[in-house]
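This report describes selected features of the structure shown below. It treats a surface patch, the annotated sites and several local backbone features in turn.

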Amino acid sequence: MFTYLFVIFLLAMVMTKLWLAARQIRHVVAHRAAVPERFAGTITLTDHQRAADYTVARTRLGMAEIFAQAVLLVALTLLGGLNLLHIGITEWLGEGYVAQIALIGAVLLISGLVDLPFTYVRQFVIEQRFGFNRMSIGLFIVDLIKGTAIGVVLGLPLLFVVLWLMERAGPMWWLYTWVVWVAFNLFVQFIFPHVIAPMFNKFEPLTDVSLAQRIEGLMQRCGFAARGLFVMDGSKRSAHGNAYFSGFGRAKRIVFFDTLIERLSPEEIEAVLAHELGHFKRRHITKRLAVAFALSLAFLALLGWLAGRTWFYTELGVLPSMTGSNNALALVLFFLVLPVFGFFASPLSSLTSRKHEFEADAFAASQTQASDLVNALVKLYQDNASTLTPDPVYTAFYYSHPPASQRIDRLLGHA
């Protein structure tokens, strides 16, 4: 029975994703010939068509990726790929923690190898064609090695602790695992600005005195304390621009991409930062963390129940061990199939995110000139080749930020 349910949800997910992508392509192409009236004075037809072509190229690649990931999922589950891996690794390494970690590592490696060609095409074909890529093949490989190393250093201890708790902590292992998971995430967020991020980028103090004074004045008005203002060399990988803050308490850092500093005026940069501070003042980050942690607790509780059901394994193409541990199998299967059953909740998450963006925009408009944020948004949409005419249904499913026209109408009081 569960097999049929899984197949139905998988087919529904894949067909819906492909349908949404097709809608997005048709909608963007249909509006490619003319700049929307609201942007006619600021966005050229050439830039508008470039954004349309960029969106179509990325969406088409995404369609191929959807198909490849679905094939991999079926191969690992219903076609017995995971079962073969489990048998082979168990015969080689036995049934201890090393074998369980090796099984999870093998699945992650296979998934990574399937994703790698799409990552390469996205970076070195599409981003290159539209003038965004500034990354060399060498830097791409170095980033890949660094990312893998960080994943191993941080992930292996966490994985061992989780498997140990599943084995030794009794029926409530999932609750103890959740506590460990929350602590792990907070730890990673704490070390990210000072340990992880500098492994990939250089961070220099903001040297523009007048801009720094403007930003410090904004922070004082907003009651926001930060340890420093930094400029990141984002241009060595991409022409896209952004700004963000990270860290906890007074150790928070504000970071600007160098591409953002080069493109926007001081007033526009202040408005963009005011938007980011709006997320802080409206406690969006805290709310998102709370929701994420609550969902992770629910998912782990569900996993705790499923892990003891033989049908959970057999109905997904795996024969569980009758003598050894099935904890690694339970983890892999659960996180393979969870996205299939959770996909149709995507619009709710996207809706919440867009609501937060509107609130952050409103906060920025209360602290700076709304027109400065509007001008900044137009430049960012133009520079990032973001389509001005996304499909409304596609937007409802996927967009974490409202479309440009909606944001600008709100800021100018037209909505």
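## Nonpolar surface patch

A residue may belong to a patch if its relative accessible area is over 30% and it has no salt bridge; nonpolar side chains are then joined within 5 Å. The model examined here is predicted. On its surface, Y120, V125, I137, I141 and I145 make up a nonpolar patch whose accessible area together is about 430 Å². Two elements, α4 (97-129) and α5 (137-168), each give two or more residues to this patch. The most is given by α5, with 3 residues.

One member of the patch, I137, has its place in helix α5. I137 has a relative accessible area of 40%, and because the partly exposed class lies between the limits of 20% and 50%, I137 is partly exposed. As a general point, an α-helix has 3.6 residues a turn, so residues three or four places apart point the same way.

## Annotated N-terminal domain

In an unreviewed entry, UniProt lists residues 24-202 as "domain: CAAX prenyl protease 1 N-terminal". Over residues 24-202, the chain is 79% helix and 0% strand. The C-alpha atoms at the ends of residues 24-202 are 37 Å apart.

## Annotated active site

Which residues does UniProt place under the feature "active site"? The unreviewed entry gives E276 and D361. Although these residues span 86 residues in sequence, no two of their C-alpha atoms are more than 8.7 Å apart, so they gather at one spot. Of these residues, E276 is included in the lining of the second largest pocket.

E276 lies in helix α9 (residues 266-281), and D361 in helix α13 (residues 346-367). Because buried means under 20% relative accessible area, E276 counts as buried at 18%. D361 is buried as well, with a relative accessible area of 2%. When residues up to four places away in sequence are not counted, E276 touches A243 and F245. On the same basis, D361 touches H275, L373, R407 and L411.

## Helix α16 and its cover

Helix α16 (residues 404-411) has A404, R407, I408, D409 and L411 as its buried residues. Among the elements that cover these buried residues are α9, α13 and α14 (370-383). Two of the buried residues of α16, R407 and L411, are among the residues that D361 touches. Just after α16, G413 takes a positive phi of about 75°.

## Positive phi outside glycine

Most residues other than glycine have a negative phi. R283, a residue other than glycine, has a positive phi near 60°. The place of R283 is in the loop between α9 and α10 (284-306). Is R283 buried or exposed? At 56% relative accessibility, R283 counts as exposed, because the exposed class is over 50%.

A385 is not a glycine, yet has a positive phi of about 55°. A385 lies in the loop between α14 and α15 (392-398). Whereas R283 counts as exposed, A385 is buried, with a relative accessible area of 2%.

Key: Residues numbered from 1 in each chain as written. Predicted model: local features only at pLDDT ≥ 70, side-chain atom pairs only at ≥ 80, totals over all residues. Heavy atoms only, no water. Patch = residues over 30% accessible without salt bridge, like charges linked within 9 Å, V, L, I, M, F, W, Y side chains within 5 Å. Areas by Shrake-Rupley, 256 points an atom, 1.4 Å probe, with all protein chains shown as cover. Salt bridge = Lys/Arg side-chain N within 4 Å of Asp/Glu carboxyl O. Helix = DSSP H or I, 4+ residues; strand = E, 2+ residues; numbered from the N terminus. Buried < 20%, exposed > 50% of the residue type's maximum accessible area, 1.4 Å probe, protein only. UniProt positions renumbered as here; feature names shortened; annotations may be inferred. 1 Å grid on protein atoms, 1.4 Å probe; cavity = no way out; pocket = protein on both sides within 12 Å on 5 of 7 lines; lining within 4 Å. Contact = heavy atoms within 4.5 Å.
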